[in-house]
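Hi,

Here is the structure I said I'd pass on. Have a look at it first, and my notes on what turned up are underneath.

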Amino acid sequence: MAAAPPPLAPDLVEGLRRLKLATMREQAADVLQSAKTQRWAAEDVLRTLLKLEIAAREVANRRIRLKQAGFPVTKTLEAFKVAESSIPRPTFEYISSLEWVDAKENLLLIGPPGTGKSHALVGCGVRAVERGKKIRYLVADNTVGKVISHLLRNELILIDELGFAPLDDTGSQLLFRFVAAAYERRSLGLASHWPFEEWGHFLPVQTTAVSLLDRLLHHAVVVVTSGDSWRMKEARTRGSRRDV
């Protein structure tokens, strides 16, 4: 059994604490002992400690960004069943690349419930978090105006379930203000079960729907899903197994 490494000198512990280098403070004693045993060069000691600190901070920052994004559940693109979906693989590969985010384009996922829109939307958000981007997820309702300025601090804003609840006049205008403020400045990802020509069902003013779509579609990747709900298919599969 290897002997425990000697503790760091108190002044070094205090200095690392003041600089908020928590991982260095925790790992330095072990690294220094390995360095003495294996006769590392001084720069190798520093390089090892820096790598440990950077790796720990990247993990912590990812955890913070994931929490700030506000996803209801964490879904990944790796878990998305492309072969069973109606999204063409080249389209899926493009939206997965997040090139549309860097290009300040929008992603519009349109189709019936249960066809993978939310999964693809959240999956893109999770991947963006992993790549160091600030993300915000929300469900479209009449409170969107309260957070417009805060939302625009993010590089990608995901709006799910657009149209599940009708928007009143105030909610529609606030949604328009938000889309107009984000136009060509931020990427939006939207999912809705309403086809574009029927957005008047949840937007009370037709001109608002037209103006909204004009800005959304100018720079956009449009994905139309179809087919039966995955949730219903899984429920039927579970039911069949119980009947056996």
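A quick definition before the details: a salt bridge here is a side-chain nitrogen of Lys or Arg within 4 Å of a carboxyl oxygen of Asp or Glu. Arg 57 and Glu 53 form one of these, with their closest N and O atoms 3.0 Å apart. Both residues sit in helix H3, four residues from each other, or about one turn of the helix. The structure holds eight salt bridges.

Keep in mind that this is a predicted model. The protein chain has an average pLDDT of 89, and 95% of the residues score at least 70. Among the elements, helix H4 (residues 89–97) has the highest mean pLDDT, 97, while helix H10 (residues 230–243) has the lowest, 69. Where pLDDT is low, the predicted coordinates shouldn't be read in detail.

Now the sheet. It is open, built from five strands in the order S2-S3-S4-S1-S5, with parallel pairing. Strand S2 (135–139) and strand S5 (220–224) are the edges, each pairing on one side only. On average, neighbouring strands are turned by 10 degrees against each other, ignoring direction.

Further in, strand S1 (residues 106–110) runs parallel to strand S4 (residues 187–192), and four bridges join the two. If you want a spot to click on, Leu 108 has Leu 190 in S4 as its bridge partner. Helix H6 (residues 117–130) lies across S1, S2, S3 and S4, and runs at about 160 degrees to S3 (156–160).

One last thing, back on the surface: Leu 46, Leu 50 and Ile 54 form a nonpolar patch there, with about 270 Å² of accessible area together. Leu 46 belongs to helix H3 (residues 42–69), the helix that also holds Arg 57 and Glu 53.

Cheers

Methods:
Residues are numbered from 1 along each chain as its sequence is written. This is a predicted model: local features need pLDDT of at least 70, side-chain atom pairs count only at pLDDT 80 or more; totals for chains, interfaces and linings use all residues. Side-chain values use heavy atoms; hydrogens and water are left out. Two strands pair if DSSP finds at least two bridges between them. Axes are lines fitted to C-alpha atoms, for helices over the stretch in contact, and angles run from 0 to 180 degrees between N-to-C directions. Contact means heavy atoms within 4.5 Å. Patches are made of residues with over 30% relative accessible area and no salt bridge: like charges are joined within 9 Å, nonpolar side chains (Val, Leu, Ile, Met, Phe, Trp, Tyr) within 5 Å. Accessible areas come from the Shrake-Rupley method with a 1.4 Å probe; for residues, only the protein chains shown count as cover. pLDDT is the predictor's confidence in each residue, from 0 to 100.
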